[in-house]
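Subject: Structure handover

Hello,

Here is the structure for you to take over. Please open it beside this email and read the notes with the model in view.

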Amino acid sequence: MLYSPSKGGFVMNQVVLVGRIAKDIDIQIMPNNKKKTSLILAVSRAYKNSEGYYDTDFIRITLWNGIASNTKEFCHTGDLIGIKGRIQSNSYEDADGNKKYSTDIIADKVTFLSSRNILEEENDDDNTLDEEN
């Protein structure tokens, strides 16, 4: 947690989510040769709606470089993963000149909780990837 006197005290931008990958992951190579992927994480709410069902939020997660490559290699639609990251807001103009806003989660760490491609013969209990990987 950071202390920022100019903003009125303590500030923190941190998100932790656990959910299932909603669609296959694609990697993009950016002009600066960095790898980027955006995945959709399906996260169930902790309470039932008025009809007795759990609603699900579909949240866009952005991953960069090694964390993007490894997640693409080891995870697929339906796999359960944990994400630790931060919220980032963006704005842009669409083709008609209208200002649009988006909010994304930028992942710092991904933990593979149930991925069918992780080799079972490895006895490595730490399936966490940092942004540095």
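Below are the findings, from the overall layout down to single residues.

**Confidence and overall layout**

Keep in mind that this is a predicted model. The mean pLDDT is 86, and 79% of the residues reach 70 or more. Confidence peaks in strand β3, with a mean of 96. It is lowest in strand β9 (residues 128-130), where the mean is 62.

The protein has nine strands and one helix. Their order along the sequence is β-β-β-β-β-β-α-β-β-β. Of the 133 residues, 26% count as buried. The exposed surface comes to about 9,100 Å², and carbon and sulfur atoms supply 47% of that. Among contacts with a separation of 6 or more, 54% join residues 24 or more positions apart.

**Strand pairing**

Start with β3, residues 15-21. Which strands does β3 pair with? One partner is β7 (residues 80-93), in the antiparallel sense and over six bridges. In that pairing V16 stands opposite K84, and V18 stands opposite G82. Another partner is β5 (residues 35-48), again antiparallel, over two bridges. There R20 faces A42 of β5.

Now follow β7 onward. β7 pairs with β8 in the antiparallel sense over 14 bridges. G82 of β7 stands opposite T111 in β8. G82 therefore appears in both pairings: it stands opposite V18 and opposite T111. β7 and β8 also form a hairpin, with five residues between the two strands. G97 sits in the turn and has a positive phi of about 85°.

**The nonpolar core**

In soluble globular proteins, nonpolar side chains tend to be buried together. Here the largest nonpolar core has 18 residues. The residues with the most contacts inside this core are L39, L41, I61, L63, I81, I83 and V110. Six elements each supply at least two residues of this core: β3, β5, β6, α1, β7 and β8. β8 gives the most, with four residues.

**A buried aspartate**

D104 lies in strand β8, which spans residues 99-114. Is D104 buried or exposed? Its relative accessible area is 9%, under the 20% cut-off, so D104 counts as buried. What does its side chain make a polar contact with? The partner is the side chain of R60, at 2.4 Å. Leaving out residues up to four places away in sequence, D104 touches R60, T62, R86, I87, Q88 and N90.

**An exposed phenylalanine**

F58 is in strand β6, residues 54-64. Its relative accessibility is 56%, over the 50% cut-off, so F58 counts as exposed. F58 still has contacts beyond its neighbours within four places in sequence: A22, I40, L41 and A42. Two of these names have come up already. L41 is listed among the core residues with the most contacts, and A42 stands opposite R20. The C-alpha atoms of F58 and R20 are separated by 9.5 Å, with their positions 38 residues apart along the chain.

**Two asparagines with positive phi**

Most residues other than glycine have a negative phi. Two asparagines in this model are worth a look on that point.

N33 has a positive phi of about 70° although it is not a glycine. Where does N33 lie? It lies in the loop between β4 (28-29) and β5. N33 has a relative accessible area of 63%, which is over 50%, so it counts as exposed.

N65 has a positive phi of about 50°, and it is not a glycine either. N65 is found in helix α1, residues 65-74. With 30% relative accessibility, between the 20% and 50% cut-offs, N65 counts as partly exposed.

**Where to look in the viewer**

Three stops cover much of the above. Begin at G82, which stands opposite V18 and T111. Go on to D104 and its polar contact with R60. Finish at F58 and its contacts with A22, I40, L41 and A42.

Best wishes

Technical notes: Residues are numbered from 1 along each chain as its sequence is written. This is a predicted model: local features need pLDDT of at least 70, side-chain atom pairs count only at pLDDT 80 or more; totals for chains, interfaces and linings use all residues. Side-chain values use heavy atoms; hydrogens and water are left out. Two strands pair if DSSP finds at least two bridges between them. Buried means under 20% relative accessible area, exposed over 50%, partly exposed in between (1.4 Å probe, protein chains only). A polar contact is a pair of N or O atoms within 3.5 Å; within protein, one must be able to donate a hydrogen and the other to accept it, and residues adjacent in sequence count only if both atoms are side-chain atoms. Contact means heavy atoms within 4.5 Å. pLDDT is the predictor's confidence in each residue, from 0 to 100. A nonpolar core is a set of buried Ala, Val, Leu, Ile, Met, Phe, Trp, Tyr and Cys residues joined through side-chain atoms within 4.5 Å. Accessible areas come from the Shrake-Rupley method with a 1.4 Å probe; for residues, only the protein chains shown count as cover.
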